[in-house]
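Here is a small set of exercises to work through with the structure open beside you. Try each task before reading its solution.

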Amino acid sequence: MAALDFEASDKDPETARIVSCALILVGGGLATDTRTWLVNPGIKQEPGAIAVHKLTDEHLAEHGTPAEQAVPEIAKSVAEVVAGGTPLVGHNLGGYDLNLLDRECMRHLGDSLEGIVRQPLTRVIDTMTLDRHAAPYRRRVSETQGPYQMRTTAETYGLPWDEDAAHGAEYDALQSARAAYRIGAIAHTRPEDRPAWVHQLRNRRGPYERFSDLAFVDVEELHRRQVAWARQDAASYQAWLRNPVKAGEKHDPKAVIDGAWPLRPVPAERSEEQ
C-alpha cells in the first residue's frame with residue numbers, strides 16, 4: 001500500500017494549502033519506502049490548524065520548500081504510485097486529503113489530480129469510510145475526540161497511539177496503513193471468531209456489523225463499494241441535518257452534503273474564479 005497523509009493550513013480542502021506530506025510504500029514483503037515534504041504554502045495558516053500540527057508560519061517560511069516546487073513533486077510521486085497499481089491508503093483520504101491535493105494541482109499545475117495521473121483513481125482505501133461502514137453508530141469518545149477520527153479508529157483496532165507524534169503526516173500515514181490491515185484482518189476472520197467488541201455492535205434492531213462486506217473482493221471492487229457507502233452516508237447525514245427533531249441546534253433545512261468520493265467536483269463559484 002502507499003500510505004498518504006497531509007497536514008494543511010485549514011480544514012476546508014477548497015481553501016487549504018499543504019504544509020506537510022508523507023507518502024509511504026509499506027507491506028507486500030518489501031522494505032518500507034518513505035518520502036516526506038515540508039511545504040511553505042506562502043499564506044498565513046488558520047490558528048486552529050497550527051494548534052493541531054504545530055508547524056508555524058515562521059517555521060515553514062524558514063524550512064519549507066515553496067509550494068510551487070513541492071506540489072509538483074508530490075503530484076509526480078503520487079502519479080507514479082497510481083501508475084504502478086499500488087493502492088493509496090489513508091484516513092479520510094477521499095473526504096479530505098485527495099481533494100486537498102486535487103485543488104493544489106489545479107492551483108499550481110493547471111490540471112486536476114486525475115489529469116496529472118492520467119487515469120481515474122480506482123484503487124483508494126479510506127480507513128474512515130471502511131470503519132464507518134463496518135462498525136457504524138459509534139459514539140464520540142469525548143467532547144474533543146470524535147467517533148471516527150484517526151485516533152479513535154486506531155485505538156478501536158488495537159493500535160497504540162502516541163499523541164506527541166500524532167498529527168504529523170508520517171505518523172498518521174503509517175497508522176492508517178496499520179488500521180487498514182487490522183480492518184481487513186477482521187473482515188477475513190469468520191464472523192463467529194471476530195473480536196468480542198465486534199459481536200457487541202448493535203443498533204435498534206439488534207446485532208449490526210458489516211465487516212463481511214469488505215471481504216473477498218479485489219481493490220477495485222472495494223473502491224466501488226466505498227463510493228456507494230460514502231454516498232449513502234452523505235445522504236443520511238443530510239437527511240439528519242434537515243430533520244429539526246433529530247438535529248436540534250444543528251438543524252439546517254437547506255443542508256446539502258456532497259457524497260462524491262474520493263474526489264468532489266470543484267464548486268461552481270471556485271470554477272468561475274479559476
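## Exercise 1: Two helices that cross

Helix α6 (residues 127-134) and helix α8 have axes that come within 10 Å and cross at roughly 35 degrees. The model is a predicted one, in which local features need pLDDT of at least 70, side-chain atom pairs count only at pLDDT 80 or more, and totals for chains, interfaces and linings use all residues. Residues are numbered from 1 along each chain as its sequence is written, and side-chain values use heavy atoms, with hydrogens and water left out.

**Task.** Find the hand of the crossing of α6 and α8, and say which residues make the contact.

**Solution.**
- Step 1: settle the terms. Helices (H or I, at least four residues) and strands (E, at least two) are DSSP runs, numbered from the N terminus. Axes are lines fitted to C-alpha atoms, for helices over the stretch in contact, and angles run from 0 to 180 degrees between N-to-C directions.
- Step 2: look at the hand. The crossing of α6 and α8 is left-handed, meaning that the near helix is turned anticlockwise from the far one by less than a right angle (clockwise would be right-handed).
- Step 3: list the contact, where contact means heavy atoms within 4.5 Å. From α6 come T127, L130 and D131, and from α8 come S176, A179, A180 and I183.

## Exercise 2: Salt bridges

**Task.** How many salt bridges does a search of the whole structure find? Then follow R103 to its partner E14 and its partner D102.

**Solution.**
- Step 1: apply the cut-off. A salt bridge is a side-chain nitrogen of Lys or Arg within 4 Å of a carboxyl oxygen of Asp or Glu, and the search finds 13 of them.
- Step 2: take R103 and E14. Their closest N and O atoms are 2.8 Å apart. This pair links distant parts of the chain, 89 residues apart: R103 is in helix α4 (residues 93-109), and E14 is in the loop between β1 (2-8) and β2 (18-25).
- Step 3: add D102. R103 also forms a salt bridge with D102, with the closest N and O atoms 2.7 Å apart.
- Step 4: check burial (buried is under 20% relative accessible area, exposed over 50%, partly exposed in between, with a 1.4 Å probe and protein chains only). R103 counts as buried because its relative accessibility is 1%, and D102 counts as buried because its value is 3%. E14 is buried as well.
- Step 5: compare another pair. E155 and R151 meet in a salt bridge of 3.0 Å, N to O. Both lie in helix α7 (residues 150-156), four residues apart, about one turn of the helix. E155 is partly exposed, at 36% relative accessible area, and R151 is partly exposed too, at 27%.
- Step 6: join the partners. Shared salt-bridge partners connect E14, D102 and R103 into one network.

## Exercise 3: The nonpolar cores

**Task.** Which residues have the most contacts inside the largest nonpolar core, and which element gives the largest share of this core?

**Solution.**
- Step 1: define the set. A nonpolar core is a set of buried Ala, Val, Leu, Ile, Met, Phe, Trp, Tyr and Cys residues joined through side-chain atoms within 4.5 Å.
- Step 2: find the centre of contacts. The largest core has 33 residues, and I74 and L98 have the most contacts inside it.
- Step 3: trace the suppliers. At least two residues each come from β1, β2, β3 (33-40), α3 (67-83), α4 and α5 (113-117). The largest share, nine residues, is from α3.
- Step 4: inspect L98. Leaving aside residues up to four places away in sequence, L98 touches L4, L88, L93, L113, L121, V124, P262 and L263.
- Step 5: look beyond. Apart from this core lies another, of 24 residues, including I125, A135, L174 and A215.

## Exercise 4: Aromatic pairs

**Task.** How are the rings of W161 and Y171 arranged?

**Solution.**
- Step 1: recall the rule. Rings of Phe, Tyr and Trp (its six-membered ring) pair if their centres lie within 6.5 Å; planes under 30 degrees apart count as stacked, over 60 as edge-to-face and the rest as tilted. The whole structure has six aromatic pairs.
- Step 2: apply the rule. The ring centres of W161 and Y171 are 5.4 Å apart and the planes are at 75 degrees, so the pair is edge-to-face.
- Step 3: check burial. W161 and Y171 are both buried.
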